[in-house]
Amino acid sequence: MSQVSRAQVETALKEIQDPYMDKDLMSAKAVKDIQVEGDKVSIHLTLGYAAAGWHGALTQAVTERVGRIEGVGAVAVQVETRIVSHAVQKNLKPLQGIKNIIAVASGKGGVGKSTTAANLALALAGEGASVGLLDADIYGPSQPRMLGISGKPETRDGKTMEPMENHGIQAMSIGFLIDEDTPMIWRGPMVTQALEQLLRDTNWKALDYLVIDLPPGTGDTQLTLAQKIPVSGAVIVTTPQDIALLDARKGLKMFEKVDVPVLGVVENMSIHICSNCGHEEYIFGQGGGERMARDYGVEFLGALPLDIQIREQADGGRPTVIAQPDSRIAEIYREIARRTAARLAAQARDYSAKFPNIVIQ
């Protein structure tokens, strides 16, 4: 029986692609350790993004490929996820207790951004991450209803608030502090101050990702987020028609100008499938989100259908990822979550915490 070498194992692992990082396992630096003892091979893989639902398939692929090496009798594979903080805008540092902030934005309203943000946060949590969701739409907060959360947040010191929780994620919204039908008749400076307070005065508990559901447009709230809040990456939500894409492009360019990397584009209401006859129709056009992603050199994260259940489940406080976890739509949301987290994992890391503060006395 021939002796198995580490080089043979590494060569085999180069043939296995990480579909979310778009690299093989060696190039993606996912292989942390290889041990060869006789005919037994042990492999330790570490992913830098939340993808618990993929660990099983990855383990099987590695076991099968390495098991085909001549002389290998047994393969043991360990897969873990280790999420770290990634770089943010210049002159800003990640907030304590939050490793990464992901902004979900759209150029215009009515494209399903808040529904996408809620399902993205829930999907990331389902993939094994600790996740929070901040509703930054001060004028029209919708996350309390979508997450099925009522009541007001507690305060233990009279200065800060405890996040509300449901479906395994932490959440904060101005909607928790006012009655549902109370209009917020505030000018811009008050809105931006409220956003900062909601973020900084909430006792977030060891988050891997904080998803921020931004209001539509490129106004005061978006500018505050870009200049004062440490954002690791942004996701642009659009629908396929030209009018929505025109505004979505403005949102994408805004993030580029303020040095926030765009992780990708999500196309909502991509196709309508008739619930009676199954007829498929591209009501808002076809392929607009993909073209936009291609034009700007960013990832196309996925396309979601125009489906009445998505709306009904969000209105009922149980978004699709929770209400129908085994459905095709929930799987699309999970794929989008994995791709988003993987695009973030490919960004530069934040090392500010490793450097000591120098104080001159």
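## Buried side of helix α2

A residue counts as buried when its relative accessible area is under 20%. In this predicted model, the residues of α2 that meet this cut-off are W54, H55, L58, V62, R65 and V66. Around the helix axis they cover an arc of only 110 degrees, so they sit on the same side of α2. An α-helix has 3.6 residues a turn, so residues three or four places apart point the same way.

The elements that cover the buried residues of α2 include α1 (6-13), β1, β4, β5 (74-81) and α11 (328-345).

## Length of α2

What span should the 16 residues of α2 have at 1.5 Å a residue? The expected value is 22 Å, and the end C-alpha atoms of α2 are 23 Å apart, which agrees. The expected span is 1.5 Å times one less than the number of residues in the helix.

## Aromatic pairs

The structure holds 2 aromatic pairs. In one of them, the ring centres of Y20 and Y49 are 6.2 Å apart and the ring planes stand at 65 degrees, so this pair is edge-to-face. The cut-off behind that label is an angle over 60 degrees. Y20 is in the loop between β1 (17-18) and β2 (23-24), while Y49 is in the loop between β4 (40-47) and α2 (52-67). The pair thus links distant parts of the chain, 29 residues apart. Y20 and Y49 are both buried.

Y20 also forms an edge-to-face pair with W54, with 5.6 Å from centre to centre and 85 degrees between the planes. Because Y20 lies in the loop between β1 and β2 and W54 in helix α2, this pair ties together parts that are 34 residues apart in sequence. Both Y20 and W54 are buried. Y20, Y49 and W54 form one aromatic cluster, and W54 is also one of the buried residues of α2.

## Surroundings of A248

A248 belongs to helix α7, which comprises residues 242-257. Is A248 buried or exposed? A248 has a relative accessible area of 0%, so this residue is buried.

Which residues does A248 contact, leaving aside its neighbours within four places in sequence? The contacts of A248 are with G107, I236, T238 and M292. As for L25, this residue is 223 residues from A248 along the chain, and the C-alpha atoms of the two are separated by 34 Å.

Note on methods. Residues are numbered from 1 along each chain as its sequence is written. This is a predicted model: local features need pLDDT of at least 70, side-chain atom pairs count only at pLDDT 80 or more; totals for chains, interfaces and linings use all residues. Side-chain values use heavy atoms; hydrogens and water are left out. Rings of Phe, Tyr and Trp (its six-membered ring) pair if their centres lie within 6.5 Å; planes under 30 degrees apart count as stacked, over 60 as edge-to-face and the rest as tilted. Helices (H or I, at least four residues) and strands (E, at least two) are DSSP runs, numbered from the N terminus. Buried means under 20% relative accessible area, exposed over 50%, partly exposed in between (1.4 Å probe, protein chains only). Contact means heavy atoms within 4.5 Å. The arc is that of the directions from the helix axis to the C-beta atoms.
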